[in-house]
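Me: I am new to this structure and would like a close look at a single part of it. Please take one helix and describe it with care.

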Amino acid sequence: MQPVRLAREISRLSGTPVMVDALKRTRRTPTQGGLSARACRRNVAGAFTITKRAAPRISGRRILLVDDVLTTGATVSVCTRALKQAGAGNVDVLVLACVVRETDITI
């Protein structure tokens, strides 16, 4: 729930409305710790969808997707794709921290 706390604080500071119910996890996914970028992408593929309640509020809008930690980018990519498929005009991503690995990973 850390991303929700971050999003609410950003909303409070910026005066921009927050929508914490837009994305819904459709299935449980194992923890991604220790997985390769490819394995993370497979792990979260199809794991998120847009809620029926949020869909009309997304279409044509610029969305800021907030996450606490970016590791491989797999979750952010899946969520961004779902938002774009729901009609979001643009999706920007804000993360609090990024995991740095010794080997270069491509997001």
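Reply: Contact here means heavy atoms within 4.5 Å, and helices (H or I, at least four residues) and strands (E, at least two) are DSSP runs, numbered from the N terminus. The model is a predicted one, in which local features need pLDDT of at least 70, side-chain atom pairs count only at pLDDT 80 or more, and totals for chains, interfaces and linings use all residues. Residues are numbered from 1 along each chain as its sequence is written, and side-chain values use heavy atoms, with hydrogens and water left out.

The part chosen is helix 4, whose twelve residues run over 74-85. From its first C-alpha to its last, helix 4 reaches 17 Å, close to the 16 Å expected at 1.5 Å a residue, where the expected span is 1.5 Å times one less than the number of residues. Its buried residues (under 20% relative accessible area, with a 1.4 Å probe and protein chains only) are Ala74, Val76, Val78, Cys79, Thr80, Ala82 and Leu83. These buried residues pack against several elements, including strand 1 (23-25), helix 2 (37-44) and strand 4 (90-98).

With helix 2, helix 4 packs at an angle of about 40°, their axes being 8 Å apart; axes are lines fitted to C-alpha atoms, for helices over the stretch in contact, and angles run from 0 to 180 degrees between N-to-C directions. The contact is made by Cys40, Arg41 and Val44 of helix 2 and by Ala74, Thr75 and Val78 of helix 4. Just after helix 4, Gly87 takes a positive phi of about 105°.

Note on methods. Buried means under 20% relative accessible area, exposed over 50%, partly exposed in between (1.4 Å probe, protein chains only).
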